[in-house]
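This report examines a single protein chain by way of its charged pairs, its helices and a few individual residues. Please keep the sequence and the structure in view while reading.

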Amino acid sequence: MAGGFGIQSGGGVPKDYPGKVTTYVLVTCIAAAMGGLIFGYDIGISGGVTSMPPFLKRFFPNVYRKEALDKSTNQYCKFDSFTLTMFTSSLYLAALVASFGASKVTRSLGRRWSMLLGGTIFLCGAIINAAAQNIAMLIIGRILLGVGVGFAIQSVPLYVSEMAPYKHRGSLNVLFQLSITVGILCANVVNYFTQKMANGEGWRVSLGGATVPALIIGISAFLLPNTPNSILEKGNPTKARQMLRRIRGVSDREVEAEFNDIVEASEASKAVKDPWSNLGKRKYRPHLIMSVLIPMFQQLTGINVVMFYAPVLFITIGFGNNASLMSSLITGGVNMAATFISVYGTDKWGRRRLFFWGGGLMLIFQAVVASLIGWKFGVTGQVDKLPDWYAIVVVICICFFVSGFAFSWGPLGWLVPSEIFPLEIRSAAQSIVVCVNMFFTFLIAQIFLTILCHMKFGLFIFFAFFVALMTAFIYFFVPETKNIPIEEMSQVWEKHWYWKKYVVVDGPPSPEKV
């Protein structure tokens, strides 16, 4: 199979660092993974708030008139508004810009300080949004939320990958995606109850609720230790070795091999004064391509069409306000539950197999949803009444699609990039991952309602095409990284049928050419 192989160290003997999942490393990884809560809560809260009539009436009266008062409006186009989508997508544009600053903080001060700063800024944004009196306050709050998200998602996957024993790195890193799904589910629950508040101020409670995950990540980051890699980068090898011994739960002699490899990686990292320019070197070509294509493909699955705008989407296909929020609550629950498949299977079955299973499931049910919506709404977007059985079938199909994403591209889109980069380019490359992820998240959030208006049910076929393309990309170009120590990851490229021609191996260095 393309890209499938075992990994061995230089002498042909498989490297096997001793270590286990200690209580200490489990607690630290879970606490760090809570950084995903702020991202997940925001994804879930945005769509619910933008479907609440009091919120629309106050801030987006034109959309309110089309949605609530003008019953002749094409169902596909009733939420098409630049300012409404800018409310949602401004966060991701801010996160994109913030990721560059987050790279420097993560490299110079450590992963935990980047998380702490992200939580603090996110908290400020949540408070401003909850108190918003006009569009300007909403957008400023969203920008601060975006900066907080940019710092958190830049640092959390790196932190967990460096703390976790390599044989359990996948499962522990998936906790980050799990916390994103928990955040989405919590947001859906909050929206379901706040939209029933009689005073019409439920949207303030929903937006202000973001202070809770912000406090969780802020407090967690304050209490967390730095990773051995980060401690070494700051020039304290004795403390780094003590931390490695503590998180592995073994003797000083038993961590010798892993510690030496981390030291070697740290020395290489210190020799690199500008990791950004290094990313352009030929030997880092596979890493650069992965840092761009994996987060891009993750967003082009179409998942954020469902997660951002689930209530809006369900209203568009004929559900009432209460029914749409309940349906998004159901999909949020499925999203969280299916992520446990990845927690269990990432290190058992491997990354590639989950990518294939998830891609196939998403492809099938995107085609089914497109057919169902096209059958009832056609190209006119006009329909009088939808039967109950139809609504149930649509929700079930969307749940299958969400579950396919939740155990594949959802967690693995963060895990695989975080574990493949060598230390000397790790923070810079992770910034590219975040930047690309946020750019496509912003792009889809900004144009979704417009392309829904113009492409109609064909939108789901559009995303299905990309799911087929990305599954083929995984098959041919993404190697298996299961059970490979993070500092030994360079060997997966040296043994890959395609990428080996780019990677420098032992012997004379390959010429630097583009």
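In this predicted model, R241 and D252 form a salt bridge in which the closest N and O atoms are 2.8 Å apart. R241 belongs to helix α12 (residues 237–248), while D252 lies in the loop between α12 and α13 (256–271), so the pair ties together parts that are 11 residues apart in sequence. The two partners can also be described by their surroundings. R241 counts as buried because its relative accessibility is 17%, and the cut-off for buried is under 20%. D252 has a relative accessible area of 33% and is therefore partly exposed.

D252 has another partner as well: the side chains of R245 and D252 meet in a salt bridge, at 3.1 Å from N to O. R245 is partly exposed, because its relative accessibility is 29%.

A further salt bridge joins the side chains of R111 and E162, with 2.7 Å between N and O. R111 lies in helix α6 (residues 111–130) and E162 in helix α7 (residues 135–163), so this pair ties together parts that are 51 residues apart in sequence. R111 is buried, since its relative accessibility is 1%. E162 is buried too, because its relative accessible area is 3%. Side chains of opposite charge can pair when their charged atoms come close.

The three pairs described above are listed here.

| Salt bridge | N to O distance |
|---|---|
| R241 and D252 | 2.8 Å |
| R245 and D252 | 3.1 Å |
| R111 and E162 | 2.7 Å |

How many salt bridges does the structure hold? The total is 11. Beyond the pairs in the table, R169, D347, R351 and E419 are linked in a network of salt bridges.

One member of that network, E419, is also among the buried residues of helix α20. This helix, made up of residues 409–420, is mostly covered, with 12 of its 12 residues buried. The buried residues include W409, W414 and I420. The length of α20 can be checked by a short calculation. The expected span is 1.5 Å times one less than the number of residues. For the 12 residues of α20 the expected span is therefore 16 Å, and the end C-alpha atoms are 16 Å apart, which agrees.

Another topic is the packing of two helices. Helix α1 (residues 23–33) and helix α8 (residues 169–194) pack at an angle of about 30 degrees, and their axes are 8 Å apart. Their crossing is right-handed. Which residues of α1 meet which residues of α8? On the α1 side they are L26, C29, I30 and A33, and on the α8 side they are L172, L175, F176 and S179. These contact residues comprise seven nonpolar, one polar and no charged. An α-helix has 3.6 residues a turn, so residues three or four places apart point the same way.

Each of these two helices contains a residue that deserves separate attention. T23 is found in helix α1. Is T23 buried or exposed? T23 counts as exposed, because its relative accessibility is 64% and the cut-off for exposed is over 50%. Although T23 and G249 are 226 residues apart in sequence, their C-alpha atoms are 9.1 Å apart in space.

N173, in helix α8, is buried, because its relative accessibility is 2%. Leaving aside neighbours within four places in sequence, N173 is in contact with P157, V160, S161, L415 and S418. Two of these partners, L415 and S418, are among the buried residues of α20.

The next residue concerns the geometry of the backbone. Most residues other than glycine have a negative phi, and most peptide bonds are trans. N483, however, has a positive phi of about 60 degrees although it is not a glycine. N483 is placed in the loop between α22 (458–477) and α23 (490–494). With a relative accessible area of 32%, N483 is partly exposed.

Finally, the chain may be considered as a whole. Its secondary structure comes to 23 helices and zero strands. Of its 514 residues, 61% count as buried. Among contacts between residues at least 6 apart in sequence, 82% join residues at least 24 apart.

Technical notes
Residues are numbered from 1 along each chain as its sequence is written. This is a predicted model: local features need pLDDT of at least 70, side-chain atom pairs count only at pLDDT 80 or more; totals for chains, interfaces and linings use all residues. Side-chain values use heavy atoms; hydrogens and water are left out. Axes are lines fitted to C-alpha atoms, for helices over the stretch in contact, and angles run from 0 to 180 degrees between N-to-C directions. Helices (H or I, at least four residues) and strands (E, at least two) are DSSP runs, numbered from the N terminus. A crossing is left-handed if the near helix is turned anticlockwise from the far one by less than a right angle, and right-handed if clockwise. Contact means heavy atoms within 4.5 Å. Ala, Val, Leu, Ile, Met, Phe, Trp, Tyr, Cys and Pro count as nonpolar, Asp, Glu, Lys and Arg as charged, and the others, Gly among them, as polar. Buried means under 20% relative accessible area, exposed over 50%, partly exposed in between (1.4 Å probe, protein chains only). A salt bridge is a side-chain nitrogen of Lys or Arg within 4 Å of a carboxyl oxygen of Asp or Glu.
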